[in-house]
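Trainee: I've got a model open on my screen and I'd like to talk it through. Can we start with the aromatic rings and then move on to the ligand?

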Amino acid sequence: MSLAREDMLRELELLPAWQLRQPAQRTVVEPLPAIEAVESPVVAVEVVAPIVVEETPQAVPVPVEVISNLSSESAATETEGELLPQTIEFSPDRRAAIMKMDWDSLQHAVAECHACGLADTRMQTVFGVGDPNAEWLIIGEAPGAEEDRKGEPFVGQAGKLLDNMLAAIKLKRGENVFIANVLKCRPPQNRDPQGEEVVKCDPFLKRQVELIQPKLILALGKFAAQSILNSESTIASLRGKTHDFHGVPVIVTYHPAYLLRNLADKSKAWEDLCFAVTTLQRLQSADIPQS
Ligand code: URA
């Protein structure tokens, strides 16, 4: 990948606006590595788990009635003579059924989901956006107010910065990139997601990963990173390493909303993006059979 370094810095708003916006802090922007220079990354590369993509089970369309029942908080429901268990929302059957869904069934199941209380306060669910065959899967925390209104992830100010970050590594929303969140519904008043909400939403994200089969996941922010890695570690300790989510390598970086408030950490996010690019290049070259 050959990018003009100046162009990339501009995309990340590191030139020259950054210096003008916070003159009082006298922020000094350290020279950032060009992507080629990150062959030996600034941060330590520790492969925490082997990079192996799990075999994806066969996707089958799931009847709409079954999806609605899976998503309902109501008690037992009859579908074509079959009585679903009263405890469907808490039973492994819900997860197992989601794990068999194809893309359309999954989208429908998310749209109809009432598995937790967020269904009562959301305007609409936010399934995710982009290329369902993308190599890059970007995972954020949960929809905010604007996302809740529009039904698309990262459409607010943080979304604009995310688009700039993607542009800096020559990626574009919708082209070889899929963007999703850990939670598909907005927590009211943008409060932190709760454990039960994450547990209920987790099968949806897991199935998205299985169907998309991305080459790399970029986790945005502490919440997304900790949820998908089932970890309580800090962002600082999770950055610069390759982790694993169901067989897909995961790289952690700062959430764009955090970067909007902490401009000085943009350079670290840039390191993370470079690390992600070189990791993906490494994976792709490992895929090419040697002649
Ligand atoms: N923040 C997120 O984590 N996700 C969104 O979709 C929007 C803001």
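Trainee: Which residues form one aromatic cluster with Trp103?
Mentor: Keep in mind that this is a predicted model. The cluster takes in Trp103 and two Phe residues. Those two are Phe127 and Phe178.

Trainee: How many aromatic pairs does a search of the whole structure find?
Mentor: Rings pair up here if their centres lie within 6.5 Å. Phe127 and Phe178 pass, at 6.4 Å centre to centre. Searching the whole structure gives a total of four.

Trainee: Is the pair of Phe127 and Phe178 stacked or edge-to-face?
Mentor: Look at the angle between the planes, which is 80 degrees. Anything over 60 degrees goes in one class, while stacked needs under 30. So Phe127 and Phe178 are edge-to-face.

Trainee: How many residues apart in sequence are the parts that this pair ties together?
Mentor: Phe127 sits in the loop between α6 (118-121) and β4 (129-130). Phe178 belongs to strand β6 (residues 177-181). The pair therefore links parts whose separation in sequence is 51 residues.

Trainee: And is Phe178 buried or exposed?
Mentor: The cut-off for buried is under 20% relative accessible area. Phe127 makes it with 8%. Phe178 has 2%, so Phe178 is buried.

Trainee: What about Tyr254 and Tyr258, are they stacked or edge-to-face?
Mentor: Their ring centres are 5.0 Å apart, with the planes at 15 degrees. Stacked means under 30 degrees, so this pair is stacked.

Trainee: Which of those two tyrosines is partly exposed?
Mentor: Tyr254 is at 9% relative accessibility and counts as buried. The other ring's residue has a relative accessible area of 26%. That falls between the 20% and 50% cut-offs, so the partly exposed one is Tyr258.

Trainee: On to the ligand: which side chain has an N or O atom 2.8 Å from an oxygen atom of the ligand?
Mentor: Set the backbone contacts aside: Ala142 has a backbone N or O atom 3.1 Å from a ligand nitrogen, and a polar backbone atom of Phe154 is 2.9 Å from a ligand oxygen. The residues around the ligand also include Gly140, Glu141 and Asn181. The side chain you want belongs to His255.

Trainee: How much of the ligand's accessible area does the protein cover?
Mentor: The ligand takes up the space of the largest pocket. On its own, the ligand has 230 Å² of accessible area. The share covered by the protein is 90%.

Technical notes. Residues numbered from 1 in each chain as written. Predicted model: local features only at pLDDT ≥ 70, side-chain atom pairs only at ≥ 80, totals over all residues. Heavy atoms only, no water. Phe/Tyr/Trp six-rings, centres within 6.5 Å; stacked < 30°, edge-to-face > 60°. Helix = DSSP H or I, 4+ residues; strand = E, 2+ residues; numbered from the N terminus. Buried < 20%, exposed > 50% of the residue type's maximum accessible area, 1.4 Å probe, protein only. Near = heavy atom within 4 Å. Polar contact = N/O pair within 3.5 Å; in protein donor to acceptor, adjacent residues only side chain to side chain. Areas by Shrake-Rupley, 256 points an atom, 1.4 Å probe, with all protein chains shown as cover. 1 Å grid on protein atoms, 1.4 Å probe; cavity = no way out; pocket = protein on both sides within 12 Å on 5 of 7 lines; lining within 4 Å. Sits in = over half its atoms within 2 Å of the grid points.
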